[in-house]
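The following exercises concern the structure shown below. Each task is followed by a solution that proceeds step by step.

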Amino acid sequence: MKKIRALSWDLIDGVNESARACYPQEFICLLRQNDGVVDEMVLIPGTIYGDSHAFINMWMSPINLDISGTVHSHPGYSNEPSDDDLIFFSSWGGVHIITCQPYDRSSWKAYDSAGRELNLEMVD
């Protein structure tokens, strides 16, 4: 897997649209990168969306070296990771995005597997 160097604005727009569609439940999916740019959501069959949680059935995830992390939404106005988020991040490498209300281009943050905020380049 290539080192992640950037995120796509199209990805962020798609994530926020999905989060709005799931609201008030949390949205979650995996992320895929192409040539170091995280630009694709991977929806997993059997994913559970709830009011204060979301769960990916990892047995249904693809065997793919380009999976580069996760994204999920918070139904409130905080995009800071919870303790449960940090545990989840630590079991998956790569980049982890959390978006929150109002689900727009300024309402998300990216984190590494230790929960440290990432500042990645944004590309069209």
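**Exercise 1.** Does Asp 35 count as buried or exposed, and why?

*Solution.* The model is a predicted one. Step one is to recall the cut-off: a residue is called exposed when its relative accessible area is over 50%. Step two is to apply it: the relative accessibility of Asp 35 is 57%, and therefore this residue counts as exposed. Step three is to place the residue: Asp 35 lies in the loop between β2 and β3. Its phi is near 55°, a positive value in a residue other than glycine.

**Exercise 2.** Determine whether Tyr 103 is buried or exposed, and describe its surroundings in the chain.

*Solution.* The cut-off for a buried residue is under 20% relative accessible area. Tyr 103 has a value of 4%, so it is buried. Its position is the loop between β7 and β8, and its phi, near 55°, is positive although the residue is not glycine. Pro 102 is found in the loop between β7 (95-99) and β8 (108-111) as well. The peptide bond leading from Gln 101 to Pro 102 is cis, with omega near 10°.

**Exercise 3.** Identify the strands that pair with β2, and state what stands opposite Leu 31 in each.

*Solution.* First, consider β6 (residues 67-73): five bridges join this strand to β2, and the two run antiparallel. Here Leu 31 stands opposite Gly 69. Next, consider β3 (residues 37-42), which pairs with β2 over five bridges, also in the antiparallel sense. In β3, Met 41 is the residue opposite Leu 31. The strands β2 and β3 form a hairpin with two residues between them. Finally, consider burial: six of the seven residues of β2 (residues 28-34) are buried, so the strand is largely enclosed by the rest of the structure.

**Exercise 4.** Describe helix α1, from the cap at its N-terminal end to the loop that leads to β2.

*Solution.* Begin with the cap: Ser 8 caps the N-terminal end of α1, with a side-chain oxygen 3.1 Å from the backbone nitrogen of Asp 10. The helix itself covers residues 9-22, which makes 14 residues. From its first C-alpha to its last it reaches 20 Å, close to the 20 Å expected at 1.5 Å a residue. The buried residues of α1 include Trp 9, Ile 12, Val 15 and Ala 19. In the loop between α1 and β2 one finds Pro 24. A cis peptide bond, with omega about 15°, joins Tyr 23 to Pro 24.

Notes
Residues numbered from 1 in each chain as written. Predicted model: local features only at pLDDT ≥ 70, side-chain atom pairs only at ≥ 80, totals over all residues. Heavy atoms only, no water. Helix = DSSP H or I, 4+ residues; strand = E, 2+ residues; numbered from the N terminus. Expected span 1.5 Å × (residues − 1). Buried < 20%, exposed > 50% of the residue type's maximum accessible area, 1.4 Å probe, protein only. Polar contact = N/O pair within 3.5 Å; in protein donor to acceptor, adjacent residues only side chain to side chain. Pairing = 2+ DSSP bridges.
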